[in-house]
Amino acid sequence: MNQPLPKELAEWAEVIAGYARTEGLDFYPTVFEMLSSTQMSQVAAYGGFPQRYPHWRFGMDYEKLRKQHSYGLSRIYEMVINNDPCYAYLLCDNMLVDHKTVIAHVYAHCDFFKNNKWFSKTNRRMIDAMANHATRIRRYIERYGVERVEQLIDTFLSLESLIDPHSVFMRRKPKNVAEDRDRTKKNENGERSRYPAKAYMDRYINPPDKMASERAERLDEEVGSKARFPADPTRDVLLFLLQNASLEDWEADILSIIREEAYYFAPQGQTKIMNEGWASYWHSTIMTRYVVTDADIIDYCEHNAGTLATSPGRLNPYKMGVELFRDIERRWNTGRYGAAYESCDDMSERRQWGESKEPQQRVVAKGSPGREKIFEVRALYNDVTFLDEFLTPEFVEDQKLYHYRQDPTTGRMVVVDRDFDKIKRQMLFMLTNHAQPYIYVMDANYRNRGELYLTHRHNGADIEVKYAVVTMKQLHKIWKRPVHLNARIDDEPILFSFDGEQSTQQHIDDRIDQPAHDF
Amino acid sequence: MILQINNDHQRFRKIVKGKIRKDLRKFLTRSELLGREGKRYISIPVHGIEIPNFRYGDNSDSGVGKGDGKPGDQVGDDGGMGPGGTEEGNHILEVDVSLDELADILGEELELPRIKPKGRHRITSERDRYSGIRQSGPESLRHFKRTFHRALRRQIMSGLYNSEMPRIVFERRDKMYRSWKTVLKPQSNAVIVYMMDVSGSMGDEQKELVRLEAFWIDAWLRKNYQGIESRYIVHDVRAAEVDRDTFFRIREDGGTRISSAFKLARDIIEAQYVPTEWNIYLFHFSDGDNSSESDSRECCTMLREHLSPVLNMFGYCQVASAYGSGNFINVLHEHLTDSADVITSRVNNKDDIYDSIKTFFAAGK
């Protein structure tokens, strides 16, 4: 479906890759393809991939994109896939200068994909995996019919966000061989490992009554943990369902596909501001330093300004990211960090701190402390930690950020204030878990009847009741036993339940059974 | 080239149509549709298409924005990047559906058989299309670009062109004009004559019902015929032909003599529409209150003798009114039970439109 890249652009891609490497970017080989705008819309609807499994929602997204395009509301300049090699798409009716900007932008994205730790566990052969998923789902459609497969996918997609993006970085508890052996040994002599002691001292070092009480305690604990299912509150609801719901093999396979894709896309959601900021930083650096010619400059500026434009009340992740990276670079170049700087509360002194050390050019050279720092930041942080660590009161003031809230009397959004702490808290809240509620499996044998009990971990905002009720029905289709959700609505703990026929909501009090776990 | 996404897209359209079909009864009563008769596409809010999930609700309506403004100032037109995401802001999906598709859905859901048109399709009309170019014509049709091009070429060839002082002067031989071709188009061979009682007893509510009903009649017939002509007659004691706008807006008063409208309809049809060539539909909307029993009988006679033989169908739609006796429908039943071309229905409220349409077109005429 792709057109070969015209010779001129292929040469430019090489040249720009050279500049990017000179500046220190490190990326996978990148394959550029030219697409027409309809093809671009398809690729965008497919989340960047040339192939996805058949599903109507891609068609819906496609229609939206086409409509926006035909009304001139939006234009997709570039798409890039986190894959080795990286694939990137160029829109064929763009100007040359746009292509050059996009190419520079794309190399920085690739660098980010390759080096940011949050992406380290993603599948770098995702293009193949997606094609494989498509084939598997097509096969199921042939066997079980479109409607059945589609309904199942719809059901699973309802729960798509119930994953634990941090889980990929945790070492699963290894089967502790030593402990197992220990246990069998203990079973032989009926005791937990005792301290070696001489026979006449044994009574004191391993007092028999203590040994007995320990043994009882341990037995208790073992029985208790068996009774608790799952053993700990579980955030990866999809995995839990995959392992424990009564699904047929093909159904479980589809669920595993949905889960795999959700995990693949998760780091992109976690690093939106950083990723776009990083790419914008580099396209502007590379373009203004090396590539832009006199003839290009106006078009380049217009394009760049369009990408970074902010309108009142709308926070542009490109702008936010690039400004924060530049701020970090400036701070580290001028030494505005560390105890001495932090403890200085003279505003004017802070404002001039280390000014003499500031490089003359706006974009500083490779090897400067600021440059080193931002490379470190791009490797180790995600949006939440990025803002948590580097958002400063000075930055918030310079960028004219404010906190807004809906005025309950007029229903309008109004500026509340420009308080740093509030702004920061609000931004972190918006980014945490991509603004999705945290839902945990607390008990899968609730009331000893195999009912599923979930809890929403409340951190400031209620979940939407209307949607929760419908989603519970979807969950029931998978679990096939009554399902419950504990959620706080208007400071009242409410238990939403669906038993296959009826949705109920009740206030949680002492009369309602406790689940196996509690926060 | 076929894109893979087309399959997904078609599947999506199918699901949308399914949703519309499911809600068709509700949908038929939507007065927002009115006034969009001429448009090819109408956008329809479709519920229950999006995939539900656990998400944050209303008490999270706050966020961070960027720009000037002091506390209390309004922020932009809407919020910024708030929790819940900007992408998923709209809960109801608006989908563009063409009237044609809508009529399809109507037909499938009501199980309406396709109408078999009578008459020949050979009837054509002439239309002029400006698609050609020629060297003579009125100045108002002068094609500037072509003319300029020719003049420029001529000047360059003859060495008159000076790139320092580029000045192009047209001569008569340079001038090009748009010209038209006459194309033959198959002409509409169906006509709908709408008649409405606008006597004092027909209020706004009744007219709204008529309008909705007429919208759907129109949509279905348009689906079945290439082109369609519509004629509108209003009457109280006298009848007059009006344009569509007036038809739905006019506010008359006074008594009712239904036969006046029937006479006018007969005259129009006789004068302009040859029954062997035309598919003729006659619809009458009234609250069923006629001035006299004898006038009602006269209508029946006229229907039987003059109208019925030339019509595909006569549809009588009686809307409920607080004032009328609603007797006309009974008279029709009494006198014309044997005629299959006369179809009657009662519409007491918007919900009845669904069944009314079904009644009218169930026979496939």
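Val75(B) sits in the loop between E2 and strand E3 (93–98) of chain B. Is Val75(B) buried or exposed? It counts as buried because 23 other C-beta atoms lie within 10 Å, and the cut-off for that label is 20 or more. Now look along the chain from there: Val75(B) and Glu101(B) are 26 residues apart in sequence, and their C-alpha atoms are separated by 41 Å. Keep in mind as you look around that this is a predicted model.

**Chain B from the inside**

Chain B has 365 residues, and 33% of them count as buried. You can pick out 10 helices and 11 strands in chain B. Take the contacts in chain B with a separation of 6 or more: 80% of them are between residues 24 or more positions apart.

A good place to start is strand E7 of chain B, which covers residues 228–235. How much of E7(B) is buried? Six of its eight residues are, so E7(B) is largely enclosed by the rest of the structure. Its partner is strand E6 (residues 190–197) of chain B; E6(B) and E7(B) run parallel and are joined by eight bridges. To find one of those bridges, click on Ile192(B), whose bridge partner in E7(B) is Ser230(B).

Then there's helix H5 of chain B, made up of the 21 residues from 204 to 224. From first C-alpha to last, H5(B) reaches 30 Å, close to the 30 Å expected at 1.5 Å a residue. Plenty of H5(B) is tucked away: among its buried residues are Leu209(B), Val210(B), Glu213(B), Phe215(B), Trp216(B) and Trp220(B). The spacing of such residues is worth a glance with one rule in mind. An α-helix has 3.6 residues a turn, so residues three or four places apart point the same way.

**Where the two chains meet**

How many residues does each chain bring to the contact? Chain A brings 56 residues and chain B brings 42. On the chain B side, helix H1 (5–22) and strand E2 (62–66) each supply at least two residues. H1(B) gives the most to that side, with seven residues. By type, the chain B residues that touch chain A divide into 20 polar, 13 nonpolar and nine charged.

Strand E2 of chain B also pairs across the boundary. Strand E4 of chain A (residues 401–406) and E2(B) pair in the antiparallel sense over five bridges. Within that pairing, Tyr404(A) stands opposite Gly63(B).

**Chain A, piece by piece**

Chain A is divided into three stretches: domain 1 (7–116 + 271–291), domain 2 (128–171 + 235–268) and domain 3 (311–431). Between the C-alpha centres of domain 2 and domain 3 of chain A there are 38 Å.

How confident is the predictor about chain A? The mean pLDDT of chain A is 87, and 92% of its residues reach 70 or more. One stretch to treat with care is residues 183–189 of chain A, where pLDDT stays under 50 and the model has three contacts beyond four places in sequence.

In strand E1 of chain A (residues 30–35) you'll find Val31(A). Val31(A) is partly exposed because 15 other C-beta atoms lie within 10 Å, a count between the 12 or fewer of an exposed residue and the 20 or more of a buried one. Leaving out residues up to four places away in sequence, Val31(A) touches Pro85(A) and Tyr87(A). By contrast, Val31(A) and Pro54(A) are 23 residues apart in sequence and 25 Å apart in space, C-alpha to C-alpha.

Pro85(A) has a quirk of its own. Its place is the loop between strand E2 (78–81) and strand E3 (86–91) of chain A, and the peptide bond from Asp84(A) to Pro85(A) is cis, with omega near 0°.

Two other loop residues of chain A have a positive phi without being glycine, namely Arg447(A) and Asp491(A). Here is where they sit and what their backbones do:

| Residue | Loop in chain A | Phi |
|---|---|---|
| Arg447(A) | between E6 (438–446) and E7 (451–457) | about 55° |
| Asp491(A) | between E8 (483–489) and E9 (492–498) | near 65° |

Are these two buried or exposed? Arg447(A) is partly exposed, with 14 other C-beta atoms within 10 Å. Asp491(A) counts as exposed, since it has 7 C-beta neighbours inside 10 Å.

Conventions. Residues numbered from 1 in each chain as written. Chains lettered and ligands numbered in written order. Predicted model: local features only at pLDDT ≥ 70, side-chain atom pairs only at ≥ 80, totals over all residues. Helix = DSSP H or I, 4+ residues; strand = E, 2+ residues; numbered from the N terminus. Expected span 1.5 Å × (residues − 1). Contact = placed C-beta atoms within 7 Å. pLDDT = per-residue confidence, 0-100. Domains from an automatic or database assignment. Nonpolar A, V, L, I, M, F, W, Y, C, P; charged D, E, K, R; others polar. Pairing = 2+ DSSP bridges.
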